[in-house]
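Reader: Put the structure up, please, and I'll ask as I go.

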Amino acid sequence: MRNGVRIKQYIFRFCVIIAGQSITTAPAYSQDHTTDSIYREAELTEVTVTSTVGAKRKVAGKGRSASIEEHLLQLGNVDMVRRGSYAWEPVVNNMATERVSTTIDGMKIFYACTDKMDPVTSYVESGNLQRIRLDSGLDGNPQATGNIGGSIDLKLRKTGFDAKPQEYNATMGYESNGHLQVYGADAAFSHQKFYSNLGVFYRHADNYKAGGSHEVMFSQFQKINTFLNLGWQPAYNHIIEGTVIFDRATDVGYPALTMDVSDATGFISSLSYRREQLNGLFYRWETKVYYNHITHNMDDTHRPDVIIHMDMPGNSTTTGIYSLLQGGLANHQYQLNYDAYYNTLFADMTMYVTGAKPMYMLTWPDVGTFNQGLSISDDIQLTKHHHLRLSAKGSWQHRRINNDEGFRALSIYFPGMKQTASTLTGRVAMSYAYTNNGWKLALGTGYGNRTPSVTEAYGYFLNNTFDRYDYIGNPRLKNESAFELNGSVAWTSETVEARLEANTFFFKNYIIGTPDDRLSPMTIGAEGVKVYHNLHDAQILNTSAVLNWQLLSWLRLDNHLSYSYGKESTGARLPMIAPLTYKGVLKFFWRNIESEAGMRAVARNGKCGTQYGETPTAGYAIWHFNIGGHFQIGKVGADIHVGVENLFDRYYSTYSDWNHIPQKGRNVYANLSFQF
């Protein structure tokens, strides 16, 4: 903690020095609705949002102080599984990590925690984020693999050539609930032949309080993130770029779990070559090689009444490459991409029993995964009003259990299993869009499959605190497949935008854990043991309705209603499916100042996945208010935002809050950004 205070003091001094001569533009969000209705982007640096009248407006909020998770929540198909106040797990179309591909600038990265306490999104900060690309369903980005639910790509902020010769930014933010403090500073330099941008961000939070001032113990955290992006143009249209990210979180509490995290460290690096303005079938070529290493150490030494102390470290290392060609011919815009990666996952556990020798167990037996794939897509403008998009990807994957001890342990439960496994996977998708006189109709379909995750195939007695079962992987699982249908209809005028959209996924060989009464748990207090199996089928349905109305030039009302449904072959409800949800926001604009007041109302989640350990959650409604503005004095400007979340201090939990840990109560926040 002393080191954290010292780091905070250094960053604060750096912010104060830069603040005397600088300002930053607060990032916000926009959703870019292209002719493919399944594709959306959240643009952070332009501070714009698509409006019904085409005007671009800044969005009040936390600006650069916002976390990546808060940015992601602005996208319509995204929700979060929350195990604490740090590192939430993204959920797309009510599907979590196993069915969602998450990349950083196209780089494959895998979490190192068997409890998914360190999702890929936790290793990027807002100061280094250009935009978030979300592809819903099977029409994923070129580097995505196994993306049945969708894919997320975090695009890093790169200054580029011939931008401002130099630019300095500083950010300071504070939230009253949990005394969350954010300090950040970054700088950018640009020339015709060279550019660079670098920065550092620090976050620190104490335990937060739920509604009614109930302190949520073990919800503290602190982290530091540094980044460096470089670009060099040795010859015209020949571009070499490099990226390095170092992220370290310490003293991270997880109130929904039985253990915390003493250290989570990520090192992410890449080097790429890009050729612009090619002649012939392709006009752009980019090839990138990358390496990342993630370490994660779970810790229970600060928890009271621990019967058996445990150490649970994990490691993930990934080396990869992709090569992307983009081209156009007549009414076609197409992409061809080859990608490959090799990842190793290793995790073990040591249990210290008083008066006895420590017990050791491998939970991920050093599994090496090599995957390579080839993808192609084509956007075809058939006529002025008709657009067609086609995409496909095929992949070959080879896995090997590198640790003989782990292989022998799992062989006890699956005699005759092989130490290696190879398989083919793929996906195809097609979407059609018709636009005319403000109307837009979109229809899409897709089919794809995925291999079981390392946990699903090779996990060894992993305790799940959600249903209190120990889980064992199954190396004999079949690939899970899904058929997707999606559609939307929208009408846009000068003042009104109305949209209805839905998608549904029909699964075969759906992978989920089921109890095995023949096995005994290893975790004290566990209900039993579950082994991953293939269910014959399952279905997930997502629907939403949007009505946005520009009431006056300075007043706008946004409404969003969504409902989802999920069941499996026995008729039982699937767990972690969002209930009926309504979001309403009233936005005000005046010169350089804007404000919004809004509410989120969620129905009771009564018909939930009780067969899988889920219990009902009560309905709730919460309100928020914020105001922000941009001020310019000479060459120095500032963005100021203040607001309050959970205005009436409601005590509540969402359907995706692990073990029903309560959300924050009333939270007043303020942030200030500078740029020069």
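Reader: What volume does the second largest cavity have?
Author: About 770 Å³. On a 1 Å grid over the protein atoms alone, a cavity is a set of points where a 1.4 Å probe fits but cannot get out, while a pocket is an open set with protein on both sides within 12 Å along at least five of seven lines; lining residues have an atom within 4 Å of a point. Grid points are joined across faces, edges and corners, and the volume is the space filled by probe spheres set on them.

Reader: Which lining residues are closest to its centre?
Author: Glu98, Lys116, Asn464, Tyr532 and Trp658, out of 37 that line the second largest cavity. This is a predicted model, where local features need pLDDT of at least 70, side-chain atom pairs count only at pLDDT 80 or more, and totals for chains, interfaces and linings use all residues. Residues are numbered from 1 along each chain as its sequence is written, and side-chain values use heavy atoms, with hydrogens and water left out.

Reader: Which element gives the most to that lining?
Author: β26 (496-515), with four residues. At least two residues each come from β3 (89-92), α4 (454-458), β23, β26 and β27 (528-552). Helices (H or I, at least four residues) and strands (E, at least two) are DSSP runs numbered from the N terminus.

Reader: How do the residues of that lining divide?
Author: Into 21 nonpolar, seven polar and nine charged. Ala, Val, Leu, Ile, Met, Phe, Trp, Tyr, Cys and Pro count as nonpolar, Asp, Glu, Lys and Arg as charged, and the others, Gly among them, as polar.

Reader: And how many cavities of 30 Å³ or more does a search of the whole structure find?
Author: The search finds 13.

Reader: Pockets, then. How much space lies in the second largest pocket?
Author: About 730 Å³. The second largest pocket is lined by 32 residues, and Thr258, Met310, Asn463, Thr523 and Ile524 lie nearest its centre. Two or more lining residues come from each of β17 (309-329), β18 (332-352), β19 (359-381) and β23 (462-464). The largest share is from β19, with three residues. By class, the lining of the second largest pocket has 19 nonpolar, eight polar and five charged residues.

Reader: How many residues has the largest nonpolar core?
Author: It has 79, and Leu72, Ile104, Leu154 and Tyr254 have the most contacts inside it. The largest share of this core is five residues, from β18. Another core, of 14 residues, lies apart from it and includes Leu138, Ala538, Ile540 and Ile577. A nonpolar core is a set of buried Ala, Val, Leu, Ile, Met, Phe, Trp, Tyr and Cys residues joined through side-chain atoms within 4.5 Å.

Reader: What does Ile104 touch?
Author: Not counting residues up to four places away in sequence, Ile104 touches Ile109, Val120, Val124, Asp153, Leu154, Leu156 and Ile268. Contact means heavy atoms within 4.5 Å.

Reader: Is Asp260 buried or exposed?
Author: Asp260 is buried, with a relative accessible area of 7%. Buried means under 20%, exposed over 50%, and partly exposed in between (1.4 Å probe, protein chains only). Asp260 lies in strand β15 (residues 260-276).

Reader: What does the side chain of Asp260 make a polar contact with?
Author: The side chain of Arg303, at 2.7 Å. A polar contact is a pair of N or O atoms within 3.5 Å; within protein, one must be able to donate a hydrogen and the other to accept it, and residues adjacent in sequence count only if both atoms are side-chain atoms. Beyond four places in sequence, Asp260 also touches residues including Met117, Phe218 and Tyr254.

Reader: Where is Tyr174 found?
Author: In strand β8 (residues 166-175). Tyr174 is partly exposed at 37% relative accessible area, and a polar contact of 2.7 Å joins its side chain to that of His179. Leaving aside neighbours within four places, the contacts of Tyr174 include Leu180, Val668 and Tyr669.

Reader: Odd backbone next. What is the phi of Asn237?
Author: Positive, about 70°, although Asn237 is not a glycine. Asn237 sits in the loop between β13 (221-235) and β14 (238-252) and is buried at 10%. Asn646 has a positive phi of about 50°, lies in the loop between β32 (636-645) and β33 (667-675), and is buried at 5% relative accessibility.

Reader: Last one: which residues of helix α3 are buried?
Author: Gly406, Phe407, Ala409, Leu410 and Ser411, in a helix that runs over residues 404-411. They pack against β19, β20 (386-401), α4 and β24 (469-472). At the start of α3, a side-chain oxygen of Asn403 reaches to within 3.0 Å of the backbone nitrogen of Glu405.
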